[in-house]
Amino acid sequence: MINEGDQAPDFTLQSDAGTDVTLSSLRGRPVVLYFYPKDDTPGCTAQACGIRDAYGEFQRAGAVVLGVSPDNESSHVKFREKYELPFTLLADTDHSVSEQYGVWGEKKFAGKSYMGVKRSTFVIDAEGTVKTVMHDVKPANHADDVLAALAG
């Protein structure tokens with residue numbers, strides 16, 4: 001489990017643009033690293049569109065926003081284009097980064113148990129230290145909560 005004050009574990013994942021993104025290469029700027037279960041599902045869409053709608057405020061804060069899910073690059077491209085998302089989506093198809101950050105685990109829905117991403121966000125400062133950890137994120141309030149953490 002990653003805690004506030006920890007150094008953010010480094011990783012490299014493929015982006016929706018087909019390029020590799022390495023967390024440590026973004027030092028010098030705050031990073032909003034948000035994990036979500038699946039592209040183009042109601043909660044994940046609400047969460048992504050909330051960030052999209054407030055994206056100017058994220059830019060003013062100097063933040064890089066990275067959305068991470070187990071979906072592949074082509075799914076991310078469709079999701080980004082459909083909703084005109086202005087930030088990078090990363091493909092964690094083997095869920096190794098989700099596991100590294102402690103957000104991959106057992107979930108229950110409609111009486112069934114399965115493994116998946118637990119909606120979580122990590123606000124990482126410009127030096128690579130985890131400033132804020134948010135678990136069980138509510139999609140409707142997510143953007144406002146993250147902007148408050150960036151300002152705090």
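## The largest cavity

The largest cavity is lined by Ala8, Leu23, Ser24, Leu26, Arg27, Arg29, Val31, Ile124, Asp125, Ala126 and Gly128. The structure is a predicted model. Sorted by class, this lining consists of six nonpolar, two polar and three charged residues. The space in the largest cavity comes to about 60 Å³. When the whole structure is searched, one cavity of 30 Å³ or more is found.

Rolling a probe the size of a water molecule over the atoms shows where empty space is left.

## The largest pocket

The largest pocket has about 220 Å³ of volume. Its lining is made by Pro37, Pro70, Trp104, Lys107, Lys108, Phe109, Tyr114, Met115, Gly116 and Val117. Two elements, β6 and β7 (112-117), give two or more residues to this lining. By class, seven of the lining residues of the largest pocket are nonpolar, one is polar and two are charged.

## The largest nonpolar core

The largest nonpolar core holds 25 residues, and those touching the most other members are Tyr34, Ile51, Phe58, Val65, Phe87 and Leu150. At least two residues of this core come from each of β3 (31-35), α1 (42-53), α2 (55-60), α3 and α5 (142-151). Helix α5 contributes the most to the core, with five residues.

## Aromatic pairs

A pair of aromatic rings is described by the distance of the centres and the angle of the planes. In this model the count comes to nine aromatic pairs. One of them joins Phe79 and Tyr83: the ring centres are 5.6 Å apart and the planes stand at 70 degrees, which is over the 60 degrees required, so the pair is edge-to-face. Both residues belong to helix α3 (residues 73-83), where Phe79 and Tyr83 are four residues apart, about one turn of the helix. Phe79 has a relative accessible area of 1%, and since buried means under 20%, Phe79 is buried.

Tyr101 and Phe122 form another edge-to-face pair, with 5.1 Å from centre to centre and 65 degrees between the planes. This pair links distant parts of the chain, its members being 21 residues apart. Tyr101 is in the loop between α4 (96-100) and β6 (104-109), while Phe122 is in strand β8 (residues 120-124). Tyr101 and Phe122 are both buried.

Which residues do ring pairs link into a cluster? The members are Tyr34, Tyr36, Tyr55, Phe79, Tyr83 and Phe87. Two of these names, Tyr34 and Phe87, also appear among the core residues that touch the most other members.

## Strand β1 and its partners

Strand β1 (residues 12-15) pairs with strand β2 (residues 20-22) through three bridges, and the two run antiparallel. Four residues lie between the strands in the hairpin of β1 and β2, where Gly18 takes a positive phi near 85 degrees. Strand β1 is also joined to strand β5 (residues 88-91), by two bridges and again in an antiparallel direction.

What stands opposite Gln14 in β2? In β2 the residue is Asp20, and in β5 Gln14 stands opposite Ala91. Gln14 can therefore be used to locate both pairings of β1 in the structure: look for Asp20 on the β2 side and for Ala91 on the β5 side. In a regular strand the side chains alternate between the two faces of the sheet.

Methods: Residues numbered from 1 in each chain as written. Predicted model: local features only at pLDDT ≥ 70, side-chain atom pairs only at ≥ 80, totals over all residues. Heavy atoms only, no water. Pairing = 2+ DSSP bridges. Phe/Tyr/Trp six-rings, centres within 6.5 Å; stacked < 30°, edge-to-face > 60°. Buried < 20%, exposed > 50% of the residue type's maximum accessible area, 1.4 Å probe, protein only. 1 Å grid on protein atoms, 1.4 Å probe; cavity = no way out; pocket = protein on both sides within 12 Å on 5 of 7 lines; lining within 4 Å. Points joined across faces, edges and corners; volume = space filled by probe spheres on them. Nonpolar A, V, L, I, M, F, W, Y, C, P; charged D, E, K, R; others polar. Core = buried A, V, L, I, M, F, W, Y, C linked by side-chain atoms within 4.5 Å.
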